[in-house]
Amino acid sequence: MDGFTPWPPEFAARYEAEGHWGRDLLGDVPGGAPGRTALVAGDTRLTYAELDLRVRRAADGLTALGLRRGDRVIVQLPNSAGFAVVFLALVRSGIVPVLALPAHRAGEIRELCALTDARGYFMSETDGDFDVRRLARSLPVDHVVVDGDAGEFTTLADVEAAGRADSVPERPEPGDVAVLLLSGGTTGSPKLIPRTHRDYVYNLRASAEVCGFGRDTVYLAALPAAHNFALACPGILGALHRGGTVVMVPTTSPAETFPLIERERVTVSALVPPAALLWARAAARTRHDLASLRLVQVGGARLAPEHAATVPRALGCALQQVFGMAEGLLNFTRPDDPPHLVEGTQGRPLSPADEICVVDPGGAPVPPGEVGELLTRGPYTLRGYYRAPEHNARAFTPDGFFRTGDLVRRLPSGHLVVEGRTKEQINRGGEKFAAAELEGHLLAHPAVRDAAVVGLPDPVLGERTCAFLVPRDGTPPPALAAIKEFLRGRGVAAFKFPDRIEAVGSFPLTGVGKVDKNGLAARLR
Ligand code: J2J
């Protein structure tokens with residue numbers, strides 16, 4: 001596939017020789033006994049045999065539509081049986097899903113379409129105020145497939161009905177790109193992460209091993225399935241690989257998840273810190289039985305050490321901290337780690353082949369135990385973003401280490417503590433976006449001369465978004481509500497909306513003439 005940076009041959013040979021990379025394909029990952037329950041979502045319950053049948057028909061139906069190995073399609077589906085069927089059918093046929101979040105809106109979907117030359121758009125029925133059909137009509141794709149009432153488009157059910165269960169599809173190669181994941185972003189335009197069959201299979205298999213997933217695992221996918229954490233760390237794919245059961249729900253809200261935990265005897269789930277806090281609080285007064293829960297994985301943003309102690313106590317299960325990234329590297333605290341490591345660190349690398357470097361701003365390694373930027377290289381960490389050569393020249397060192405933009409401290413045990421970041425990204429309770437992206441939208445507002453987006457500390461979200469605006473001469477600064485309306489009109493996902501607007505006359509500058517964002521944030525303290 002064009003725009004994909006492969007691992008250098010000597011690294012590929014090593015990852016194969018060491019047994020990290022095999023020949024298995026992502027679409028063949030489900031590994032449960034035919035009669036066991038693979039998937040529960042809403043009113044749908046599928047055994048492994050039923051899931052496989054639906055995936056085989058859908059894969060053939062997609063080929064009948066004219067989609068081919070290597071084609072890209074945008075998938076924007078909530079946590080549902082449809083997501084699992086579409087995802088597995090696509091990767092089995094070598095068609096590459098570009099995983100958009102349900103929260104994305106027309107602006108983001110259009111950009112992803114343009115970046116990937118997508119041939120298809122997979123969506124669900126209109127949700128709330130989002131006129132997804134109007135968007136679908138305007139996209140330059142050959143196929144729109146709807147999970148639900150399709151109107152003028154094709155339904156997923158039609159695709160499955162048109163497909164034969166006994167046809168033998170063309171199979172991708174293990175080194176092919178299987179899926180494109182969305183990066184949290186640090187620039188004005190979206191960045192996509194190519195994950196190959198062999199690196200992603202390794203990712204989910206090794207994660208399932210570390211987390212002890214097995215046939216008795218009942219995994220609740222409450223974070224968006226399009227997110228790496230819920231998809232493959234070990235997530236949905238890890239649970240299916242080990243023959244467990246996946247329960248899909250499109251929200252982390254206790255009102256919806258707790259009844260499901262009780263009914264399905266859920267054993268494990270993954271959460272971002274704000275959701276974990278919500279669960280801990282709700283657990284104190286719930287009438288639902290959560291005793292089946294054995295493990296809650298928390299990651300995506302910093303979990304405060306005091307919460308790390310209270311969350312597992314309130315839920316009556318073990319905690320695992322996960323410091324991961326869709327780009328690759330995953331760190332987990334381990335089941336046999338002592339409490340001070342589980343509560344006070346974000347885990348250690350998943351793989352013995354993960355290479356970790358902690359460096360100062362000049363790129364030199366810092367003394368052991370000191371804070372520096374985390375660089376990494378390994379068998380499931382990307383070597384380049386998709387179709388982004390200029391950005392890649394900055395995001396990687398010449399010897400292929402990915403510059404994570406995270407500031408960490410490494411303990412003698414190898415565990416990492418996340419201390420901050422260098423990248424200009426907002427992490428609002430685990431939902432990420434580039435400051436530059438929001439600034440770009442704000443600059444398009446007629447009353448805005450300059451914009452700087454900064455994350456401010458927040459006790460629940462970790463961070464909330466403040467947009468500092470320099471109004472144009474003679475215009476009053478726009479109010480927060482007006483800015484949100486403006487962003488909605490531009491098709492921007494709501495999680496990128498600022499929580500607060502501050503009008504200023506000018507921006508303070510750093511010594512090298514950049515906007516001093518620390519200085520701006522300090523003004524509010
Ligand atoms: C502090 N910051 C964290 C943590 C991620 C598992 C878990 C998370 C993600 C994820 C993921 C953090 N403490 N525990 O893909 O498989 C911040 C860092 C990191 C960025 C990556 C997974 N866990 N972060 O969050 O691609 O800044 O992946 O570089 O969405 O989130 O974001 P993302």
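In this predicted model, R428 stands opposite E431, a residue of strand 22. The two strands concerned, strand 21 (residues 425–428) and strand 22 (residues 431–434), run antiparallel and are joined by four bridges. Together they make a hairpin with two residues between the strands. One of the turn residues, G429, has a positive phi of about 60 degrees.

A four-stranded sheet offers another example of antiparallel pairing. This sheet is open, with its strands in the order 17-18-19-20. Its edges are taken by strand 17 (355–359) and strand 20 (416–421); each has a single partner strand, so one side of each is left without a neighbour in the sheet. From one strand to the next, the twist averages 45 degrees. Within the sheet, strand 18 (residues 372–377) and strand 19 (residues 402–410) are antiparallel and share four bridges. One residue pair can be picked out here: T376 has F402, in strand 19, as its bridge partner.

Turning to the protein as a whole, the model contains 17 helices and 25 strands. The C-alpha atoms occupy a box of roughly 65 × 55 × 55 Å along the principal axes. The radius of gyration is 23 Å, which agrees with the value near 24 Å for a compact globule of 525 residues. Of the 525 residues, 51% are buried. Among contacts with a separation of 6 or more, 66% link residues 24 or more positions apart.

Another open sheet is built from nine strands, in the order 2-1-11-10-12-13-14-15-16, and its pairing is mixed. Strand 2 (44–47) and strand 16 (348–349) are its edge strands, each pairing on one side only. Strand 2 is joined to strand 1 (residues 37–41) by four bridges in the antiparallel sense, and L39 has L46 of strand 2 as its bridge partner. Helix 10 (residues 254–264) packs on this sheet, where it touches strand 1, strand 10 (218–221) and strand 11 (245–248). The direction of helix 10 makes about 165 degrees with that of strand 10.

Helix 12 (residues 305–315) also packs on the sheet, touching strand 13 (295–299) and strand 14 (318–325). Its direction makes about 130 degrees with that of strand 14. Which residues of helix 12 are buried? They are A308, V311, P312 and L315. Viewed down the helix axis, these buried residues fall within an arc of 85 degrees, so they line one face of helix 12. Their packing partners are helix 11 (273–283), strand 13, strand 14 and helix 13 (339–344). On the face turned away from the buried side, helix 12 carries the exposed residues E306 and R313. The helix is followed by G316, whose phi is positive, near 65 degrees.

The interior can also be described through its nonpolar cores. The largest of these has 134 residues, and those with the most contacts inside it are I74, V86, V98, A221 and I236. Helix 3 (residues 81–93) provides the largest share of this core, ten residues. A second core, separate from the largest one, has 21 residues, including F433, L438, C466 and A467. For I74, the contacts beyond its neighbours within four places in sequence are with V98, A100, I109, L112, C113, A118, Y121 and F122.

A closer look at one strand residue completes the description. M123 lies in strand 5 (residues 120–124). Is M123 buried or exposed? It has 28 C-beta neighbours inside 10 Å, and therefore counts as buried. Setting aside neighbours within four places in sequence, M123 is in contact with Q76, L77, V132, A136 and V146. M123 and D28 are separated by 95 residues in sequence and by 24 Å in space, C-alpha to C-alpha.

How values were computed
Residues are numbered from 1 along each chain as its sequence is written. This is a predicted model: local features need pLDDT of at least 70, side-chain atom pairs count only at pLDDT 80 or more; totals for chains, interfaces and linings use all residues. A nonpolar core is a set of buried Ala, Val, Leu, Ile, Met, Phe, Trp, Tyr and Cys residues joined through C-beta atoms within 7 Å. A residue is buried if 20 or more other C-beta atoms lie within 10 Å of its own, exposed if 12 or fewer, and partly exposed in between; C-beta atoms are placed from the backbone. Two residues are in contact if their C-beta atoms, placed from the backbone, lie within 7 Å. The radius of gyration is taken over C-alpha atoms; the globule rule is 2.2 Å times the number of residues to the power 0.38. Two strands pair if DSSP finds at least two bridges between them. Axes are lines fitted to C-alpha atoms, for helices over the stretch in contact, and angles run from 0 to 180 degrees between N-to-C directions. The arc is that of the directions from the helix axis to the C-beta atoms.
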